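Work through the exercises below with the coordinates open. Each task is followed by a stepwise solution.

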Amino acid sequence: MPIDVSAALAAEPRRAEIGWHHKDVQLYHLGLGAGIPATDPDELRYTLESRLHVLPSFATVAGAGTAAFGGMGAPGIDVDLAAVLHGGQTVRVHRPIPVTGRAVQTSKVAAVYDKGKAAVIVLRTEASDDDGPLWTNDAQIFVRGEGGFGGERGPSDRLTVPERAPDRTVERPIREDQALLYRLSGDWNPLHADPAFAKLAGFDRPILHGLCTYGMTLKAVTDTLLDGDVSRITAYRTRFAGVVFPGETLRVRMWAEEGRVQVTVTAAERDDAPVLADTLVEHA
């Protein structure tokens with residue numbers, strides 16, 4: 001079996017020193033569509049170094065680009081990358097991320113679940129600086145064809161969409177060049193830039209990064225229901241339910257509850273095709 005569960009779970013975490021600067025934060029925010037209108041005081045919190053704060057989803061790219069996949073080279077993990085899908089993502093921040101910083105990041109396989117026709121590998125990255133823990137990332141990686149080994153099925157993170165109307169619905173346009181800008185934060189997969197490569201993968205044109213949609217959604221919730229205050233966010237999770245293309249529009253529906261916001265994200269122009277599901281923002 002290409003996945004040796006015991007070896008993967010027993011492997012020592014991989015350790016790396018990472019660093020970031022205000023320019024990395026600004027570039028990440030611009031890749032999410034921040035800065036429109038350019039002089040809007042609310043947008044300057046994402047783009048101007050003298051007012052800058054850090055959206056917690058920056059943890060998925062800080063210092064290492066595709067940090068969420070840092071554990072895929074662990075002992076016991078030997079899979080065909082063509083069978084790999086990024087199924088979901090959770091970020092938990094232990095305190096606000098500094099605009100400029102250095103940290104030690106560790107990556108490990110936290111769990112391997114048996115879904116029958118697929119295996120789910122939970123890759124965990126944790127970052128700490130001199131002041132203590134900063135964030136914990138969990139990436140849920142689906143590996144098609146690697147299930148059926150008799151392991152635990154794992155917990156269900158499915159959420160029931162509230163029966164009432166959303167408290168807020170906003171639309172966020174995706175620029176034609178947004179994937180080209182977002183990939184400068186570290187995800188160089190040609191699927192998001194090269195039309196020929198996208199066709200080989202079964203798409204008629206390049207698709208937007210799932211983690212870009214992830215960040216755009218968190219920004220929309222922050223700006224709409226959290227008074228633009230990123231320091232209130234404690235955790236954020238989603239399941240990637242479908243693709244979205246540059247030039248389309250995200251429709252973000254939000255249901256506010258005590259200490260949390262439940263969200264669904266769809267592609268407006270494609271009859272509300274699902275993009276993100278089981279999405280939850282936890283906040284103070």
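## Surface and overall build

The protein chain exposes about 13000 Å², and carbon and sulfur atoms supply 51% of that area. Note that this is a predicted model.

**Exercise 1. Compare the radius of gyration of the protein chain with that of a compact globule of 284 residues.**

Solution.
- Step 1. For 284 residues, a compact globule would have a radius of gyration near 19 Å.
- Step 2. The protein chain has 18 Å, which agrees.
- Step 3. Add the extents: the C-alpha trace spans about 55 × 50 × 40 Å along its principal axes.
- Step 4. Add burial: 49% of the 284 residues count as buried.
- Step 5. Add contact range. Take contacts between residues at least 6 apart in sequence; 72% of them join residues at least 24 apart.

**Exercise 2. Count the helices and strands, then find how far apart the centres of the positive and negative side chains lie.**

Solution.
- Step 1. The chain holds 6 helices and 10 strands.
- Step 2. Positive side chains number 30 and negative ones 38.
- Step 3. The centres of the two sets lie 1 Å apart.

## Helix 2 and the loop after it

**Exercise 3. List the buried residues of helix 2 and what covers them.**

Solution.
- Step 1. Helix 2 runs over residues 22-31.
- Step 2. Its buried residues are Val25, Gln26, Tyr28, His29 and Gly31.
- Step 3. Their cover includes strand 1 (14-20), helix 3 (41-47), helix 4 (178-182) and helix 6 (210-225).
- Step 4. Recall the helix geometry: an α-helix has 3.6 residues a turn, so residues three or four places apart point the same way.

**Exercise 4. Inspect the backbone after helix 2.**

Solution.
- Step 1. Just after helix 2, Gly33 has a positive phi of about 95°.
- Step 2. A cis peptide bond joins Ile36 and Pro37, with omega about -5°.
- Step 3. Pro37 sits in the loop between helix 2 and helix 3.

## Arg251 and the loop at Asp272

**Exercise 5. Which side chains form polar contacts with Arg251?**

Solution.
- Step 1. Arg251 belongs to strand 8 (residues 249-257).
- Step 2. Its side chain meets that of Glu171 in a polar contact of 2.7 Å.
- Step 3. A polar contact of 2.8 Å joins it to the side chain of Asp272.
- Step 4. Residues touched by Arg251 also include Thr169, Val265 and Ala268.

**Exercise 6. Are Asp271 and Asp272 buried, partly exposed or exposed?**

Solution.
- Step 1. Asp271 lies in the loop between strand 9 (260-267) and strand 10 (273-283), and Asp272 lies in that loop too.
- Step 2. Phi is positive in both: near 55° for Asp271 and near 60° for Asp272.
- Step 3. Exposed means over 50% relative accessible area. Asp271 has 75%, so it is exposed.
- Step 4. Asp272, at 25%, counts as partly exposed.

Note on methods: Residues are numbered from 1 along each chain as its sequence is written. This is a predicted model: local features need pLDDT of at least 70, side-chain atom pairs count only at pLDDT 80 or more; totals for chains, interfaces and linings use all residues. Side-chain values use heavy atoms; hydrogens and water are left out. Helices (H or I, at least four residues) and strands (E, at least two) are DSSP runs, numbered from the N terminus. A polar contact is a pair of N or O atoms within 3.5 Å; within protein, one must be able to donate a hydrogen and the other to accept it, and residues adjacent in sequence count only if both atoms are side-chain atoms. Contact means heavy atoms within 4.5 Å. The radius of gyration is taken over C-alpha atoms; the globule rule is 2.2 Å times the number of residues to the power 0.38. Buried means under 20% relative accessible area, exposed over 50%, partly exposed in between (1.4 Å probe, protein chains only). Accessible areas come from the Shrake-Rupley method with a 1.4 Å probe; for residues, only the protein chains shown count as cover. Lys and Arg count as positive and Asp and Glu as negative; His and the chain ends are not counted. The place of a charge is taken as NZ of Lys, CZ of Arg, CG of Asp or CD of Glu.
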